[in-house]
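Trainee: Could you take one part of this model and walk me through it closely? I'd like to see how a single piece sits among its surroundings.

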Amino acid sequence: MKAAMDVRLRRLVEHARAHSPFFTALYRELPADWTLSDLPLIEPADYWRQCQPLEDWPVLSGPLADGHVFKTGGSTSDGKLSVFRRDEWQAFVRAFGQGLGRQLLPGDRVANLFFAGDLYTSLLFIHGALSHSPAPVVEFPFTCNVEDAALADAIDTLDINVLAGVPVQLVRFASWLQQAGRALTGVRCLLYGGESLFAEQLALLGRVFPNARIGSIGCASVDAGLIGAAGPDCAQGEHRVFDADTIVEIIDEASGLPITEPDRKGLLVVSNLQRRLMPVIRYPTGDLACWREPAGRPERKFALQGRASRGHRVRVCTLSLFPDELDPLLRGQDGVLAWQLLVGRRDGVDTLSLRVASEYAPAPAAEPLRERLLTAQPALAELCRQGLLRLDVAYCAPEAMLTHPRSGKLMRVVDQRAYEEVAA
């Protein structure tokens with residue numbers, strides 16, 4: 001298996017270097033006898049630079065003649081675009097469907113509650129994956145916009161026993177059920193994707209779905225592609241590597257060296273062996289993770305552990321927020337020396353706290369900056385309006401900014417949510 005993977009990786013690298021201007025430059029000094037660790041990590045800001053129009057994007061290794069275009073984020077109106085050739089997309093959903101099928105039983109009746117429209121992929125992706133499940137199932141593609149009462153009635157009348165959706169949708173539906181005094185005892189499985197579930201959310205879901213096993217639907221993203229499959233033996237946040245199609249690494253953020261031992265947290269890095277049009281080779285996903293099993297195990301298990309300090313994307317609720325897009329806005333404010341985002345949870349709601357170090361004392365009022373941020377990020381403003389996210393902005397002294405305990409570098413993103421408590 002390893003020898004075959006090495007051959008596929010070498011062919012992918014040579015293809016990318018020959019046909020993608022971005023990778024031609026990135027691999028200019030690559031030695032002839034290179035190994036995986038010789039390949040430089042992709043810098044996401046460089047990777048996504050000049051990504052629109054697609055025809056001029058230097059990452060692509062050829063023209064987009066057939067296939068699919070999806071949006072990778074929801075924080076701005078012109079979110080970054082990810083492209084797949086038709087055969088690449090089919091390979092993606094087929095492999096994910098094989099992994100997803102480990103959690104399904106023949107005859108399961110699955111409500112697909114993921115997002116659709118506006119170039120978002122989740123409903124279409126899960127729809128495709130379900131069609132490749134080794135266990136034959138029936139799908140009900142409701143989308144996330146179905147009314148709660150109608151969904152509850154449909155689950156009863158159509159004998160639906162599996163719900164699949166993003167946590168914010170599942171939790172919102174569970175809250176409605178609890179207020180209505182209803183429990184859906186016929187649901188045997190809840191599958192979530194796109195973000196993590198936390199302790200108080202799991203407790204709520206358990207009250208209204210008392211017979212349901214709750215688990216990840218799998219780990220994938222529209223930019224990185226295939227990452228990990230979840231199975232009945234996986235705890236919250238745990239997944240198994242797709243050995244045949246993906247190389248998963250966990251990298252020490254300070255040293256850049258691979259982590260091989262279990263239970264040591266590092267940056268999750270993915271090389272996707274399925275994609276050639278938009279190559280993804282040693283791509284930092286922005287997640288922290290740790291290995292759960294010793295090296296050498298087939299389909300080695302890993303656990304997601306929150307967002308990395310230099311993550312290029314912050315996932316809160318249904319939103320992908322790109323810190324690189326905030327930087328010009330914040331740097332344009334008079335007297336700003338540095339800034340960082342603290343991601344947390346309070347009273348069952350995700351919180352974003354923006355810390356801004358100012359050269360002035362006393363610091364200016366924070367509310368005008370908060371309003372400018374919400375104006376620049378309408379999706380962020382909408383989540384705040386709905387009460388699904390709380391945004392705080394505060395000025396502080398430079399020495400109050402959090403730095404990496406080993407490297408001393410400023411941590412752009414600090415994820416303070418309790419993933420370990422959930423996994424336990």
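Mentor: Let's take helix 4 and its surroundings, then move on to the cores and a few salt bridges. Keep in mind that this is a predicted model.

Start with the helix itself. Helix 4 covers residues 86-100, and at 1.5 Å a residue its 15 residues should span 21 Å. The end C-alpha atoms are 21 Å apart, so the expectation and the model agree.

Now look at what the helix tucks away. Its buried residues are Glu88, Trp89, Phe92, Val93, Ala95, Phe96, Gly97, Gly99 and Leu100. Those buried residues have plenty of partners: they pack against helix 5 (122-131) and against several strands, namely strand 1 (68-71), strand 2 (81-84), strand 6 (189-192), strand 8 (219-221) and strand 9 (225-229).

Asp87 is another story. With a relative accessible area of 42%, Asp87 is partly exposed. It forms a salt bridge with Arg85, where the closest N and O atoms are 3.0 Å apart. Arg85 is partly exposed too, at 29%. That pair is part of a bigger tally, as the structure holds 27 salt bridges.

Next, the cores. The largest nonpolar core has 40 residues, and Phe23, Tyr47, Trp57, Ile281 and Phe302 touch the most other members. Strand 2, which we just met under helix 4's partners, is one of the elements that supply at least two residues of this core. Helix 1 gives the most, with four residues. Apart from this core lies another one, of 28 residues, and Ala95 is among them, as are Phe84, Val110 and Leu191. As a rule, nonpolar side chains in soluble globular proteins tend to be buried together.

Back in the largest core, Phe23 deserves a look. Leaving aside neighbours within four places in sequence, Phe23 is in contact with Ala16, Arg17, Ile42, Tyr47, Val59, Pro279 and Ile281.

To set beside the Asp87 pair, here are two other salt bridges. Arg264 and Asp252 meet through their side chains at 2.7 Å, N to O. Asp252 is buried, at 4% relative accessible area, whereas Arg264 is partly exposed at 30%. Glu293 pairs with Arg297, with the closest N and O atoms 3.9 Å apart. Here Glu293 counts as buried at 11% relative accessibility, while Arg297 is partly exposed at 45%. These two also belong to a network of salt bridges that links them with Asp233 and Arg240.

How values were computed
Residues numbered from 1 in each chain as written. Predicted model: local features only at pLDDT ≥ 70, side-chain atom pairs only at ≥ 80, totals over all residues. Heavy atoms only, no water. Expected span 1.5 Å × (residues − 1). Buried < 20%, exposed > 50% of the residue type's maximum accessible area, 1.4 Å probe, protein only. Contact = heavy atoms within 4.5 Å. Core = buried A, V, L, I, M, F, W, Y, C linked by side-chain atoms within 4.5 Å. Salt bridge = Lys/Arg side-chain N within 4 Å of Asp/Glu carboxyl O.
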